[in-house]
Amino acid sequence: MTSNNNQYDVAIVGFGLIGQICAKVCSQYNLRTLVIESRSDAEFSSNAISFDDESLRLLESIGLYDSLKELLNKPDFIDIVLTNGRVIQRNPVLNTDNGFPSICTFFQPEIEKIIRKECKADDNIDLLFDNELINFNTNDNKVRLDIKSGNKLNHFEALYLIACDGTNSLVRKKLDIETVDQRYSKNWLLVDILLKPNYSLENVFRQICDDTRPTTFISQSSRRHRFEFQLLAGEQHQKAIQINNIKNLISQWIEPDQYEIENVFIQKFRGSFAKSFQKDYVFLIGDSAYQMPPYASQGLNTGIRDILNLVWKINMVVNSNCNKDLLLSYSLERLEQVKQTIKSSIALGQLIDSLSMAFQKNIPLEEAIAPEARDQAFGKRNSILEKDTKRGIFSNSQNELIINRRLFNREITNNEDNGCLDKIVGNCFAIFSKKDVKNKLDEDVYKKLINLNFKFIHDYTGFSVGSELSEYLEIGEIILRPDRKIFGLSSTTLNINQLALELLMQIE
Ligand SMILES: Cc1cc2nc3c(=O)[nH]c(=O)nc-3n(C[C@H](O)[C@H](O)[C@H](O)COP(=O)(O)OP(=O)(O)OC[C@H]3O[C@@H](n4cnc5c(N)ncnc54)[C@H](O)[C@@H]3O)c2cc1C
């Protein structure tokens, strides 16, 4: 961690949900962090509405889950239905192998209030509201930041700049990184309502293939709900946002005197991504790096996976003196996965449109949907499981099937049957083995691993090991990265010393 008061390890520009969570993760790695936010402390966004189980897992590992859980709603179902109520697909929301519900919804301002409070109380984080980043440059292994507050111009320095400054990212523009447009653009009307006492609506996350206009209905809590209505070609925005129109659209669910409207806005659902997520010492994460239509609810969750991928690498460089080239793997590892997630989100939107159209024109559903659109939209969470053939910080002999695969938290459970892989490993690299591996490692290799805070795990007394980890342990020893992805697996042709050396070559 840097010790000079005017210098930071990391500067984060933008304090939306991604900037907030990123700041907490940086702090957990003991990185001295400056956050710059142009808005005031009184302003909140209300776009995102859900975390998935991987995001909840990260929130737990940085100590935020307990303070947020009261504000999280577990829907009964995620489903896709036709106008006549016929269910096309319905999945109950269950706990996954990470030990959390597959999805939890929320009201963003309530979540932001809690995370902001935690960031303000954090000694590693300095927070500047009402401060706008207007310029930056990278020289002498540092990023110099020009920040405007009212008429005052201030200057700060950081080793690394993380851009969490949203869709219109100044940082992305200044870096002159080209954006690829996925040629998807639909306007949607979004309406958040608060039910009056004694009224209720179903607790679901529902896509409705309405034959007049595709619609989404999402419960955020027992009283808060969001409606999303696709705007049709030629429909005027001014008319769409009129109260009478909104009340009319909602009237099939609830009477106008039974709720208040809290928030109305029109949002363009788009798909695009920056061609690279980094340049020199500057990284793009979340909406600053890409946009995706929110049908699959993955924008925020994908940004959280960016954080998970990037910050441990910055920590290794800043606090363990690892090679800066390690950071080049961030864009390499994230870009392909983000592209797949955008593709799946767009495919889900197209699937909903085709189902709506098929119902309207009375075409058999199977004929209306291209099989690849169905696979891309639903294909066993393929984009979300993050399988990918391109390599980053992985062993060269690593099996393609486990590249980029994150071990579930419940791969190790305690006597109370709680997932606890994350607690055992902490923020470190780990070696899992059946027996102590110290004697199998050269002395200098072992010393280096100790200096890098490696955990050596071979005693499982009081724990149960899950089927995936058990299977790998039958093959050899496993090196797990701090983000719980498998760096590599030793085997009869590659012993643990060689595997550890391969990792050291990549990061030292
Ligand atoms: C309708 C809708 C529904 C969605 N639903 C979901 C969902 O269910 N699940 C999900 O995972 N995702 C969802 N998303 C996506 C999700 O909302 C976004 O991915 C996420 O909120 C992006 O957060 P962010 O912090 O990257 O950006 P933002 O929230 O846009 O924050 C950027 C911040 O940067 C600040 N800033 C910008 N420029 C500067 C500057 N120069 N200096 C200082 N500060 C600056 C801004 O003031 C702002 O506070 C949804 C999006 C929409 C539109």
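**Exercise 1. In this predicted model, find which residues of H1 and H4 meet.**

Solution. Start on the H1 side: Leu-17, Gln-20, Ile-21, Ala-23 and Lys-24 make the contact. Their partners in H4 are Gln-108, Glu-112, Ile-115, Arg-116, Glu-118 and Cys-119. Now sort this contact by class: five residues are nonpolar, two are polar and four are charged.

**Exercise 2. Work out how the axes of H1 and H4 are oriented relative to each other.**

Solution. First, take the approach and the angle: the two axes come within 10 Å and cross at roughly 30 degrees. Next, recall that angles under 35 degrees count as roughly parallel. H1 and H4 are therefore roughly parallel to each other. Finally, look at the handedness: the crossing of H1 past H4 is left-handed.

**Exercise 3. Describe the shell around the ligand, beginning with the residues that come nearest.**

Solution. Of the 33 residues around the ligand, the nearest are Gly-14, Gly-16, Gly-166, Gly-286 and Gly-299. Then ask which elements give two or more residues to this shell: they are helix H1 (17–28), strand S8 (132–139) and helix H8 (299–320). H8 gives the most, with four residues. As a last step, divide the shell by class, which yields 13 nonpolar, 15 polar and five charged residues.

**Exercise 4. Check how confident the predictor is along the chain.**

Solution. Begin with the whole chain: the mean pLDDT is 92, and 94% of the residues reach 70 or more. Then turn to residues 380–389, where the pLDDT is below 50. In the model, this stretch has 14 contacts beyond near neighbours in sequence.

Conventions: Residues are numbered from 1 along each chain as its sequence is written. This is a predicted model: local features need pLDDT of at least 70, side-chain atom pairs count only at pLDDT 80 or more; totals for chains, interfaces and linings use all residues. A residue is near a molecule or strand if its C-beta atom, placed from the backbone, lies within 6 Å of it. Ala, Val, Leu, Ile, Met, Phe, Trp, Tyr, Cys and Pro count as nonpolar, Asp, Glu, Lys and Arg as charged, and the others, Gly among them, as polar. Axes are lines fitted to C-alpha atoms, for helices over the stretch in contact, and angles run from 0 to 180 degrees between N-to-C directions. Angles under 35 degrees count as roughly parallel, over 145 as roughly antiparallel, 65 to 115 as roughly perpendicular and the rest as oblique. A crossing is left-handed if the near helix is turned anticlockwise from the far one by less than a right angle, and right-handed if clockwise. Two residues are in contact if their C-beta atoms, placed from the backbone, lie within 7 Å. pLDDT is the predictor's confidence in each residue, from 0 to 100.
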